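Q: I would like to learn how to read the local features of a model like this one, step by step. Where should we begin?

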Amino acid sequence: MSQESQTPEGSAAQTIDGFHLVIEALKLNGINTIFGLPGIPITDLTRLSQAAGMRVISFRHEQHAGNAAAAAGFLTQKPGICLTVSAPGFLNGLTALSNATVNCFPMILISGSSEREIVDLQQGDYEEMDQLAIAKPLCKAAYRVLHAQDIGIGIARAIRSALSGRPGGVYLDFPAKLFSQVMEHTAGLASLIQVVDPAPKQIPGADAVHRALNLLKNAKRPLIILGKGAAYAQADAALRALVETSGVPYLPMSMAKGLLEDTHALSAAAARSYVLAQADVVMLIGARLNWLLSHGKGKTWGESGPKQFIQIDIEPKEIDSNVAIAAPLIGDIGSCVEAMLQGMGPNWTPAPKEWVAGIAERKAKNLSKMADTLALNPSPMNFHSALAVVRSIVAHHPDITLVNEGANTLDFTRSIVDMYEPRKRLDVGTWGIMGIGMGFAIAAAVTTQKPVLAIEGDSAFGFSGMEVETICRYHLPICVVVFNNNGVYGGMDVNQSGGADVAPTVFVKGARYDLMMQAFGGVGLNATNQLELKAGIEAALASGKPTLINAVIDESAGTESGRITKLNPKTTPKAPVKAST
Ligand code: ADP
Ligand code: TZD
């Protein structure tokens with residue numbers, strides 16, 4: 001780790017270089033995993049990090065390394081690290097950094113960069129790019145370190161920026177020259193910083209708690225909405241106590257599923273439209289009123305009369321972003337929920353019985369309808385019949401992580417597959433982005449060391465499919481199930497020009513994604529019915545071997561854009577249009 005060099009006086013002195021300062025700074029802050037892709041100028045950083053005892057997961061494309069870092073940040077409350085080369089590698093990682101920031105996941109993208117003097121004069125260096133300037137608007141904070149003695153400060157700033165307040169993505173720019181700079185060993189180590197209390201508790205004001213409790217107390221039809229901020233906060237016991245003490249029905253947003261088991265009596269997920277339309281007081285906990293909640297207004301929310309909102313969030317600017325928030329509670333979710341519980345005391349009157357009973361009635365009706373559909377066993381499989389298998393497997397293995405992307409594959413999985421434990425569902429998040437699949441799955445396998453099941457649309461899988469090699473290389477217990485319906489949303493679209501090319505949404509029919517996993521020594525299976533699918537997933541969970549199951553799904557089963565069809569601008573010509581010649 002250290003090397004000898006000659007001091008000006010000629011005596012030997014121990015030195016430490018930039019590479020080792022970076023490694024020691026990360027380790028000092030409890031960061032022991034790097035997701036990245038080697039190349040100039042960071043190849044030695046990956047190699048030396050491994051030599052220093054860190055886990056280095058080397059990917060085939062930086063976007064997936066970045067997604068893995070983001071998911072690791074979400075799961076562990078420590079910023080996930082993504083390490084890339086300059087210009088193109090940096091840009092590949094930037095999509096993930098930006099996505100992490102939008103999702104409020106803490107991560108740090110560390111990219112090597114070319115020489116400042118040449119970049120700033122635009123003299124055409126190897127992979128020349130002003131990376132810092134490009135990263136700045138797309139993440140929470142961005143810093144560049146030019147001198148070895150500032151590596152400790154740079155990494156400390158990055159960690160604190162990623163974790164404090166609303167979590168997010170941070171960019172750290174390390175020009176190539178930094179790595180070979182040396183410092184005297186003791187001074188070098190002394191320059192590193194162990195960040196103290198990077199995500200300090202933020203206690204809400206007593207008046208704000210009082211205001212929120214008053215609103216909740218007087219509600220006739222109260223509703224709690226749990227978002228992925230609540231999952232991130234790891235205040236699981238307090239959240240359960242709040243729901244159960246208040247007796248208020250709750251809706252989990254996608255990645256908050258499992259904070260309380262989806263089978264909980266107070267879950268209103270199976271009566272979502274009803275509760276959103278009917279509730280009179282809505283308490284948002286770590287959830288934003290963005291497009292996923294129809295911005296808190298309009299038909300979804302009933303238009304029957306003004307609702308009043310309580311919002312728990314760490315970011316003050318989030319309040320009143322879409323509609324008026326009657327009772328904002330600014331603070332970390334753990335502290336806010338504890339304060340609410342304390343204010344409620346032991347004699348709190350639970351939510352009105354009629355409201356809870358009305359929801360239970362609707363839930364029962366909807367769930368029995370769903371059970372009828374899930375009981376069907378069509379050939380070929382459709383989304384429901386394939387997911388009936390997944391649903392039952394997750395019920396028997398509640399501790400596996402479920403990664404999920406696609407359109408129909410996403411929407412149906414979210415509503416059909418119950419989750420039972422916190423932070424076990426990772427998906428496309430706030431942007432609805434395709435390509436998170438393998439990166440998130442790898443992060444979950446590496447951080448939880450438990451099996452992961454990735455339920456992937458065939459289009460969605462394609463974005464990160466090459467990472468099956470990474471999965472095989474690190475022997476990760478990941479079972480990927482590709483819902484293969486021959487295209488984006490389905491395989492039935494036709495070329496409206498009548499030309500020879502297939503329609504833009506159609507893929508090669510009958511493709512065998514399972515062979516991709518076999519190519520790298522993993523298990524590949526083709527499943528054409530429920531029994532084969534069930535046997536394949538169960539074998540994968542039992543063996544822990546990297547597995548890819550090509551689940552053949554009826555190509556006409558999906559709808560375009562899944563459940564967000566209304567966001568899709570569309571004109572459908574009545575008859576095929578002849579191509580102009
Ligand atoms: P969802 O998509 O599940 O509805 P969002 O990503 O829209 O969730 O919202 C997450 C919210 O949680 C963000 O507004 C973020 O500021 C907030 N948040 C994240 N971590 C915490 C925390 N520890 N305490 C309070 N709020 C948090
Ligand atoms: N590119 C990126 C990065 N994100 C996106 N969301 C899209 C493109 C557009 N898109 C969707 O919103 S869903 C989807 C795309 C391409 C794939 C849907 O097809 P699928 O799933 O095969 O994954 P289903 O289950 O067959 O619908």
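A: We begin with burial, for which a residue counts as buried if its relative accessible area is under 20%, and as exposed if that area is over 50%. The model is predicted, and we shall apply this cut-off to one of its residues at once.

Q: By that cut-off, is Ala87 buried or exposed?

A: Ala87 has a relative accessibility of 7% and therefore counts as buried. Ala87 is located in helix H4, which covers residues 87-103, and its phi is near 25°, a positive value in a residue that is not glycine.

Q: What is the sign of phi at Cys104, and where does Cys104 lie?

A: Cys104 is not a glycine either, yet its phi is positive, at about 65°. Cys104 is found in the loop between H4 and strand S6 (107-113), and with a relative accessible area of 15% it is buried.

Q: How confident is the predictor, before I read further into the geometry?

A: The average pLDDT of the chain is 95, and 96% of the residues score at least 70. Residues 576-581 need separate care in reading, since pLDDT stays under 50 over that stretch, for which the model has 7 contacts beyond four places in sequence.

Q: Which peptide bonds should I inspect for a cis geometry?

A: One of them runs from Ile40 to Pro41, where the bond is cis with omega near 5°; Pro41 belongs to the loop between strand S3 (33-36) and helix H2 (43-51). Another is the bond from Ser379 to Pro380, also cis, with omega near -5°, and Pro380 sits in the loop between helix H15 (353-375) and H16.

Q: What describes a pair of aromatic rings, and how many such pairs are found here?

A: The description of an aromatic pair rests on the distance between the ring centres and the angle between the ring planes. Searching the whole structure gives 10 aromatic pairs. Among them is the edge-to-face pair of Trp301 and Phe309, with 5.4 Å from centre to centre and 65° between the planes; Trp301 and Phe309 are both buried.

Q: Why is the pair of Phe383 and Phe412 called stacked?

A: Planes under 30 degrees apart count as stacked, and the planes of Phe383 and Phe412 are at 25° with the ring centres 5.5 Å apart, so this pair is stacked. The pair links distant parts of the chain, since Phe383 is in helix H16 (residues 383-396) and Phe412 in helix H17 (residues 408-416), 29 residues apart. Both Phe383 and Phe412 are buried.

Q: Which residues do ring pairs link into a cluster, and which residue lies over the face of Tyr274?

A: The cluster linked by ring pairs consists of Phe19, Phe174 and Phe179. Over the face of Tyr274 lies Arg362, at 3.9 Å from the ring centre.

Q: Which residues come nearest to ligand 2, and which backbone atoms lie by its oxygen atoms?

A: There are 17 residues around ligand 2, of which Asn408, Thr409, Gly432, Asp458 and Ala460 come nearest. As for the backbone, a polar backbone atom of Ala407 is 3.2 Å from an oxygen atom of the ligand, a backbone N or O atom of Gly487 lies 3.1 Å from an oxygen atom of ligand 2, and a polar backbone atom of Tyr489 is 3.2 Å from an oxygen atom of ligand 2.

How values were computed. Residues are numbered from 1 along each chain as its sequence is written. Chains are lettered from A and ligands numbered from 1 in the order in which they are written. This is a predicted model: local features need pLDDT of at least 70, side-chain atom pairs count only at pLDDT 80 or more; totals for chains, interfaces and linings use all residues. Side-chain values use heavy atoms; hydrogens and water are left out. Rings of Phe, Tyr and Trp (its six-membered ring) pair if their centres lie within 6.5 Å; planes under 30 degrees apart count as stacked, over 60 as edge-to-face and the rest as tilted. Buried means under 20% relative accessible area, exposed over 50%, partly exposed in between (1.4 Å probe, protein chains only). Helices (H or I, at least four residues) and strands (E, at least two) are DSSP runs, numbered from the N terminus. A charge sits over a ring if NZ of Lys or CZ of Arg is within 6 Å of the ring centre and within 35 degrees of the ring normal. pLDDT is the predictor's confidence in each residue, from 0 to 100. Contact means heavy atoms within 4.5 Å. A residue is near a molecule or strand if one of its heavy atoms lies within 4 Å of it. A polar contact is a pair of N or O atoms within 3.5 Å; within protein, one must be able to donate a hydrogen and the other to accept it, and residues adjacent in sequence count only if both atoms are side-chain atoms.
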